[in-house]
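Please open the model in your viewer and keep the sequence panel beside it. The stops below say what to select next and what is found there.

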Amino acid sequence: MDIAFFLKVFAALFAIMSPIANLPVFLALTGDRDATGKRAVALTAVVALCVGAVVVFVGGEAILALFGISIDGFRLAGGLLILFIALSMLHGGESAAHAGSEAEKQHHRTVDNPGIYPLAVPMLLGPGSISTIVIFREQATGAGQEIALVAALAAIVTLLGVTFLAGPLLSRLLGRTAVSIMSRLMGMLLAAIAMEMMVTSLKVLLPGLA
């Protein structure tokens with residue numbers, strides 16, 4: 001397994017899906033449920049995230065080909081979107097692409113089981129994370145990087161599941177300050193990854209820049 005590639009993919013997915021930053025969202029959506037209800041929502045979110053990630057991993061490039069979209073064009077658009085998400089994190093806010101608009105947030109509170117919507121999609125598996133999976137899937141060369149990509153996806157899904165299942169305990173251990181610091185650090189990391197994606201695609205789309 002390509003350890004360097006694993007760490008790069010895991011860091012990108014961790015920054016976008018951000019288990020610590022999404023923990024308050026999970027707790028808010030399950031605030032009126034008992035421990036069993038919280039576990040049910042957490043497990044639903046993990047299963048939905050696994051299914052969605054597999055669909056994107058297997059069919060992402062085929063969907064782009066169906067619409068005649070080049071991977072470099074998609075990488076540029078995805079990098080720009082991820083940069084906007086990173087800037088929102090750096091400013092202490094949240095991106096509407098993942099968290100939804102105010103009207104959508106009001107609707108989120110009325111959903112019977114928020115595990116699939118809005119928790120798995122679009123908060124965890126939103127445009128930014130989908131773009132990241134598709135782009136790294138295209139970049140992976142050889143069995144070592146393919147295994148690293150699958151391992152990174154499995155690791156982030158497992159970490160999210162553990163975080164949500166241990167949500168009540170973690171919420172007592174982590175204060176708002178820790179979440180804010182983590183969000184800004186992940187925003188800086190995500191911005192760097194987004195810039196790398198954009199520069200790589202621009203070098204291909206505009207050869208004169210290379």
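Helices (H or I, at least four residues) and strands (E, at least two) are DSSP runs, numbered from the N terminus. Before selecting anything, note that this is a predicted model, in which local features need pLDDT of at least 70 and side-chain atom pairs count only at pLDDT 80 or more, while totals for chains, interfaces and linings use all residues. Residues are numbered from 1 along each chain as its sequence is written, and side-chain values use heavy atoms, with hydrogens and water left out.

**The whole chain**

Begin with a cartoon view, where the protein shows eleven helices and zero strands, and where the pattern read along the sequence is α-α-α-α-α-α-α-α-α-α-α. Switching to a surface view, you are looking at about 10200 Å² of exposed area, of which carbon and sulfur atoms supply 71%; accessible areas come from the Shrake-Rupley method with a 1.4 Å probe, and for residues only the protein chains shown count as cover. Of the 210 residues in the protein, 43% are buried, where buried means under 20% relative accessible area, exposed means over 50%, and partly exposed lies in between (1.4 Å probe, protein chains only). Among contacts with a separation of 6 or more, 86% join residues that are 24 or more positions apart, a contact being heavy atoms within 4.5 Å.

**The nonpolar core**

Next select Leu119, Ile133, Phe164 and Leu190, which touch the most other members of the largest nonpolar core, a set of 52 residues. Such a core is a set of buried Ala, Val, Leu, Ile, Met, Phe, Trp, Tyr and Cys residues joined through side-chain atoms within 4.5 Å. Which helices each supply at least two residues of this core? They are helix H1 (3-17), helix H2 (19-29), helix H3 (35-66), helix H4 (71-90), helix H7 (115-124), helix H8 (127-139), helix H9 (142-165) and helix H11 (176-205). Centre the view on Leu190 and, leaving aside neighbours within four places in sequence, show the residues in contact with Leu190, which are Ala12, Ala15, Ile16, Ile82, Ile85, Ala86 and Met89.

**Along helix H1**

Now select Phe6 and Phe10, which form a stacked aromatic pair with 6.0 Å centre to centre and 15 degrees between the planes. Rings of Phe, Tyr and Trp (its six-membered ring) pair if their centres lie within 6.5 Å, and planes under 30 degrees apart count as stacked, over 60 as edge-to-face and the rest as tilted; by this rule there are four aromatic pairs. Phe6 and Phe10 are separated by about one helical turn, because they are four residues apart in helix H1. Phe6 counts as buried because its relative accessibility is 17%, whereas Phe10, at 21%, counts as partly exposed. Add Phe14 to the selection, and you have one aromatic cluster formed by Phe6, Phe10 and Phe14.

Leu7, also placed in helix H1, is partly exposed at 48% relative accessibility. Together with Met1, Ile3 and Ile147, Leu7 makes a nonpolar surface patch of about 400 Å²; patches are made of residues with over 30% relative accessible area and no salt bridge, with like charges joined within 9 Å and nonpolar side chains (Val, Leu, Ile, Met, Phe, Trp, Tyr) within 5 Å.

**A salt-bridge network**

Select Asp72, Arg75 and Glu138, which are linked in a network of salt bridges, each bridge being a side-chain nitrogen of Lys or Arg within 4 Å of a carboxyl oxygen of Asp or Glu. Asp72 and Arg75 meet at 2.5 Å, N to O, and both residues are buried. The side chain of Arg75 also meets that of Glu138, at 2.6 Å, N to O, and this pair links distant parts of the chain, with Arg75 in helix H4 and Glu138 in helix H8, 63 residues apart. Glu138 is partly exposed at 28% relative accessibility, while Arg75 is buried at 3%.

Stay here and add Ser201 of helix H11, which is buried with a relative accessible area of 0%. Leaving aside neighbours within four places in sequence, Ser201 is in contact with Asp72, Arg75 and Leu76.

**Last stop**

Finally, select Arg137 and Glu146, which form another of the four salt bridges in the structure, their closest N and O atoms being 3.0 Å apart. Arg137 is partly exposed at 22%, and Glu146 is partly exposed at 24%.
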